[in-house]
Amino acid sequence: MDRWRQTFAEAIFRRSADVSHDLKTPLNIAVLNLELLKMRLAKLSGEAAGDPKVREYARSVETELRRMARIFDAVFHQAFPPIAAAAPEAVDLFETYRELSGAEGGGRCVVRMHRERARELAQLVVEGSAKIFDGAPRVIATNELDGSRLRLEGRALDGSLEVGKLFKFYYTDASGNPEISLASARLIAESYGGTLSAELAAGDLVLELAFPPGEE
């Protein structure tokens, strides 16, 4: 990396926690004032407060504010090493995933990560996959010379799912709720040199985490 680029990266790393806090504070204030606005509107005009469009608009604004807060967490928290953390260590990601999901099976997926981030990554994959698989997916963990993989296979909950959108922070699930779990998971994976991808063919869905070789 060019030295000047490294300086940029180091600066945002040092300030990531402060930036996350400073960005979320006005969002939290906006959510609070939205509630106060709705209360004030109800007091001034019962008819306006009961208008379904008013409720719809207010709910939409609140939803997007909360989505933004989660995005800031992902970008300025999960994409950086834990504060005062030592170097990454060898972690069996499958063992962590199995603990959180209750998945069965054997195998190993050893990656070099901070344990805190490995647990967050596994939790995000558990949450995100629950929204796109029809039932519990089959989990395959491999640890080969060319790298480690954690692969989830099963039937898609929605056969028309656009898998490319799963990793966008503006993705909204079938119920209309912001769903950024997999976008956040991909950000963590890429921060440690890995990838997170998805494929859908004839209703069969595959979600795969892949990493460079870890150290036992």
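Buried means under 20% relative accessible area, exposed means over 50%, and partly exposed is what falls in between, using a 1.4 Å probe and protein chains only. With that in hand, here are some views to explore.

**Figure 1. The whole chain has six helices and six strands.** This is a predicted model, in which local features need pLDDT of at least 70 and side-chain atom pairs count only at pLDDT 80 or more, while totals for chains, interfaces and linings use all residues. Residues are numbered from 1 along each chain as its sequence is written, and side-chain values use heavy atoms, with hydrogens and water left out. Helices (H or I, at least four residues) and strands (E, at least two) are DSSP runs, numbered from the N terminus. Follow the sequence and you will meet them in the pattern α-α-α-β-α-β-α-β-β-α-β-β. Along the principal axes, the C-alpha atoms fill a box of roughly 70 × 45 × 30 Å. Of the 216 residues in the chain, 36% are buried.

**Figure 2. A nonpolar patch is made by Leu32, Leu36 and Met39.** This surface patch covers about 320 Å². Patches are made of residues with over 30% relative accessible area and no salt bridge; like charges are joined within 9 Å, and nonpolar side chains (Val, Leu, Ile, Met, Phe, Trp, Tyr) within 5 Å. The accessible areas come from the Shrake-Rupley method with a 1.4 Å probe, and for residues only the protein chains shown count as cover. Look for Met39 in helix H1 (residues 3–44). Met39 is exposed, because its relative accessible area is 56%.

**Figure 3. Arg108 and Asp92 form a salt bridge.** Side chains of opposite charge can pair when their charged atoms come close. Here, a salt bridge is a side-chain nitrogen of Lys or Arg within 4 Å of a carboxyl oxygen of Asp or Glu, and the count by this rule is 17. In the pair shown, the closest N and O atoms of Arg108 and Asp92 are 3.6 Å apart. Arg108 sits in the loop between helix H4 (93–101) and strand S2 (110–113), and Asp92 in strand S1 (residues 89–92), so the pair ties together parts that are 16 residues apart in sequence. Arg108 is partly exposed, with a relative accessible area of 40%, whereas Asp92 is buried at 16%.

**Figure 4. Glu99 and Arg119 meet in a salt bridge.** The N to O distance is 3.2 Å. Distant parts of the chain are linked here: Glu99 belongs to helix H4 and Arg119 to helix H5 (residues 115–130), 20 residues apart. Glu99 counts as exposed at 54% relative accessibility, while Arg119, at 37%, counts as partly exposed.

**Figure 5. Arg149 and Asp146 belong to a network of salt bridges.** The side chains of Arg149 and Asp146 meet at 3.8 Å, N to O. Salt bridges that share partners join this pair with Arg138, Arg151, Glu153 and Glu208 into one network. Is Asp146 buried or exposed? Asp146 is exposed, with a relative accessible area of 55%, and Arg149 is partly exposed at 28%.

**Figure 6. The largest pocket is lined by 13 residues.** Rolling a probe the size of a water molecule over the atoms shows where empty space is left. On a 1 Å grid over the protein atoms alone, a pocket is an open set of points where a 1.4 Å probe fits, with protein on both sides within 12 Å along at least five of seven lines; lining residues have an atom within 4 Å of a point. Grid points are joined across faces, edges and corners, and the volume is the space filled by probe spheres set on the points. For the largest pocket, that volume is about 240 Å³. Asp158, Leu161, Tyr171, Asp173 and Ala174 lie nearest its centre. The lining divides into five nonpolar, three polar and five charged residues. Ala, Val, Leu, Ile, Met, Phe, Trp, Tyr, Cys and Pro count as nonpolar, Asp, Glu, Lys and Arg as charged, and the others, Gly among them, as polar.

**Figure 7. Ala202 has a positive phi.** The phi angle of Ala202 is near 50 degrees, a positive value in a residue other than glycine. You will find Ala202 in the loop between strand S5 (195–201) and strand S6 (204–211). Ala202 counts as exposed, at 74% relative accessibility.
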